[in-house]
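Hi everyone, thanks for making time this morning. I'd like to walk you through one structure, going from single residues to helix packing and back again.

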Amino acid sequence: MNRYTTFALLTFALSFCFFAIQSVDVVMYLALARDFVFGSGKLNSPDPYLYSLSNAPLVWEHEYLSYIYFNTFYDMLGAPGLIFAKALLLLTIFSIPLFTREKSINSNPLWICMWVLAVIAGSFRFIERSSLFSDLFCVVLSAWLCRREHLRIKDLFFLAAIFLLWVQLHPGYPLGLCLFGLWLLHRQFILKTMTWKESILAMTPILALLINPLSAEGALYPFRFSLFEAQVLKRSNFEWFPSYHRSFRWTPEVIAFWILAGLSLLTGIKNRLFLELRFWMTGFALISSVQVVRFIPWACFATLFLLKPWLQFKSSQLTKPILSWVMTIFLLIVAFKNFSIGYQSSSGQRLAKLDFDPKFFPFKTLQVLRSNPIPGRLYNTHDFGSFLIWQKYTPVFHHGFVTDMNFYSKDVMGVFESQKRFLELAEKYGWTMLLVEKYGAYRYFHKILSPLSEWKIVAEDEASYLIYRLP
């Protein structure tokens, strides 16, 4: 029974991963791999893609290995390769809580319910992003540390290897430092099995973070980012919003997260785990994901692993095999549905196909733009900048890797302040063409441009409207 349930749980989770590509960031990874990692681009070079800023720095070195990873799969398999590259990382994340020593709990009804909640809660981030590496490392580190009484020499080398790889793949390693810090504090003050000298020696693997293309500057990048850029993005960028933000309050993913968090805390309280390292890490994971919604996926699966030994139902009525069989069959039915026709998420319908989702990439309007240009500059909304760069339509107004927050606040977000502000910026940058999301920013542009007869829609596709200024 347990074997079949484990298979159903894994299949259910994977069925939420195979859908048409919606991440615009992944095409920027392909462009940066082409132009910088394997091209002629240099470290600390000015951004060659923008016309709106001169000599703006382009920060790409902090996750160059992620670009190589996704680019390798794309070169081998095209668009399906990007989806398989993502699914491979998520498969590893799913496997850690599933295939532990407590495998017998996999058929436990409470575990199955919590697994379903974790998959639904994290599914909105099951996209092709380098942040998946940080999600993976957080779950790996949580699982590894909670099984360590002491750190031997080979353990220090393992930790150094983790941080060395992490700093090349994604700047999310401050989360790993916090998890490691919790382990040290627990050993120092609760178990009292380490001296201060041993604690200091145990921190030496952190020095591996200095081994990156930019050395100390690269290691400090996420800390500077959290103090400056992240503070601005928290006001306007969805993935940096807290999970209690009104934009997410009634989405199925966040509701599932809150239920899972409640069950996790009840499990800890019921079993009086207050002094257990696993409960400390669970608390840190949940607090992190409450503060920033993008942390929900790793927090969910780390929590499942950390609390798994205590997830037992004692009610004989709920431990009957028939209930587990019914739940197993239900999981397989949902998985079959997802693989065959896709599923609905808070970001819209996710199509069950191995290609780019036409609702997110303006392939057709770009063809019109190339074949029918007019004098002047093109304005592009945030998500389309990376796509245009990947398609070698440059320079662009803005893309998601811009780190000048003054420009972002005043001009990128300033467009949406008023019609007057838009016209000022249009004059400043010479905009005569606009490429805007069909189901996002266009509602605003329709409102401010409809009284202005010279701005006309000249092309559209599933993703976008192309608007020209035609006096």
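**A walk through the helices and loops**

Let's start with Ser123, which has a relative accessibility of 3% and therefore counts as buried, the cut-off being under 20%. Before I go on, please keep in mind that this is a predicted model. Ser123 sits in the loop between α5 and α6. What does Ser123 touch, leaving out residues up to four places away in sequence? Its partners are Phe16, Glu253, Tyr343 and Arg350.

Another loop residue to look at is Phe18, between α1 and α2. Is Phe18 buried or exposed? Its relative accessibility is 19%, so with the line drawn at under 20% Phe18 counts as buried. Once residues up to four places away in sequence are set aside, Phe18 touches Ile83, Phe84, Ala87, Phe339, Leu351, Ala352 and Leu354. Take Ile83 from that list: 65 residues separate Phe18 and Ile83 along the chain, yet their C-alpha atoms are 6.6 Å apart.

Now to the helices, beginning with α1, which covers residues 2–14. With 13 residues at 1.5 Å a residue, α1 should span 18 Å, and the distance between its end C-alpha atoms is 18 Å, so the two agree. Which residues of α1 are buried? They are Thr5, Thr6, Ala8, Leu9, Leu10, Thr11, Phe12, Ala13 and Leu14. Those buried residues pack against α4, α5 and α15.

We can run the same kind of check on α3, residues 64–77. Its 14 residues should span 20 Å at 1.5 Å a residue, and the end C-alpha atoms are 20 Å apart, which agrees. The buried residues here are Ser66, Tyr67, Tyr69, Phe70, Asn71 and Phe73. If you are looking at the numbering, here is a general reminder: an α-helix has 3.6 residues a turn, so residues three or four places apart point the same way. The cover over the buried residues of α3 includes α2, α4, α6 and α7. Right after α3 comes Gly78, with a positive phi near 75°.

On to helix pairs. First up, α2 with α17, where the axes come within 8 Å and cross at roughly 40°. That angle makes the two helices α2 and α17 oblique to each other, and their crossing is left-handed. On the α2 side, the contact involves Val27, Met28, Leu30, Ala31 and Arg34, and these meet Ser386, Phe387, Ile389 and Trp390 of α17. By type, the residues of this contact are 7 nonpolar, 1 polar and 1 charged.

Next, α7 and α8. Their axes are 10 Å apart and the packing angle is about 160°, so α7 is roughly antiparallel to α8. Leu159, Phe163, Trp166 and Val167 of α7 meet Tyr173, Gly176, Leu177 and Phe180 of α8. How many of the contact residues are nonpolar, polar and charged? The split is 7 nonpolar, 1 polar and no charged.

The last pair is α12 with α13. Here the axes come within 11 Å and cross at roughly 160°, so α12 and α13 are roughly antiparallel to each other. The crossing is left-handed. From α12 the contact uses Phe257, Trp258, Ala261, Ser264, Leu265 and Gly268, and from α13 it uses Phe279, Thr282, Leu286, Ser289 and Val290. This contact divides into 7 nonpolar, 4 polar and no charged residues.

Let me finish with some backbone geometry, since I suspect many of you will want to check it. As a general point, most residues other than glycine have a negative phi, and most peptide bonds are trans. With that in mind, where is there a cis peptide bond? A cis bond joins Thr394 and Pro395, with omega about 0°, and Pro395 is in the loop between α17 and α18.

Then there are positive phi values. Asn55 has a phi of about 60° although it is not a glycine; Asn55 belongs to the loop between α2 and α3, and with a relative accessible area of 66% it is exposed. Lys192, also not a glycine, has a positive phi near 55°. You'll find Lys192 in the loop between α8 and α9, and its relative accessible area of 65% makes Lys192 exposed.

That's my tour, and I'm happy to take questions.

Note on methods:
Residues are numbered from 1 along each chain as its sequence is written. This is a predicted model: local features need pLDDT of at least 70, side-chain atom pairs count only at pLDDT 80 or more; totals for chains, interfaces and linings use all residues. Side-chain values use heavy atoms; hydrogens and water are left out. Helices (H or I, at least four residues) and strands (E, at least two) are DSSP runs, numbered from the N terminus. The expected span of a helix is 1.5 Å times one less than its number of residues. Buried means under 20% relative accessible area, exposed over 50%, partly exposed in between (1.4 Å probe, protein chains only). Contact means heavy atoms within 4.5 Å. Axes are lines fitted to C-alpha atoms, for helices over the stretch in contact, and angles run from 0 to 180 degrees between N-to-C directions. Angles under 35 degrees count as roughly parallel, over 145 as roughly antiparallel, 65 to 115 as roughly perpendicular and the rest as oblique. A crossing is left-handed if the near helix is turned anticlockwise from the far one by less than a right angle, and right-handed if clockwise. Ala, Val, Leu, Ile, Met, Phe, Trp, Tyr, Cys and Pro count as nonpolar, Asp, Glu, Lys and Arg as charged, and the others, Gly among them, as polar.
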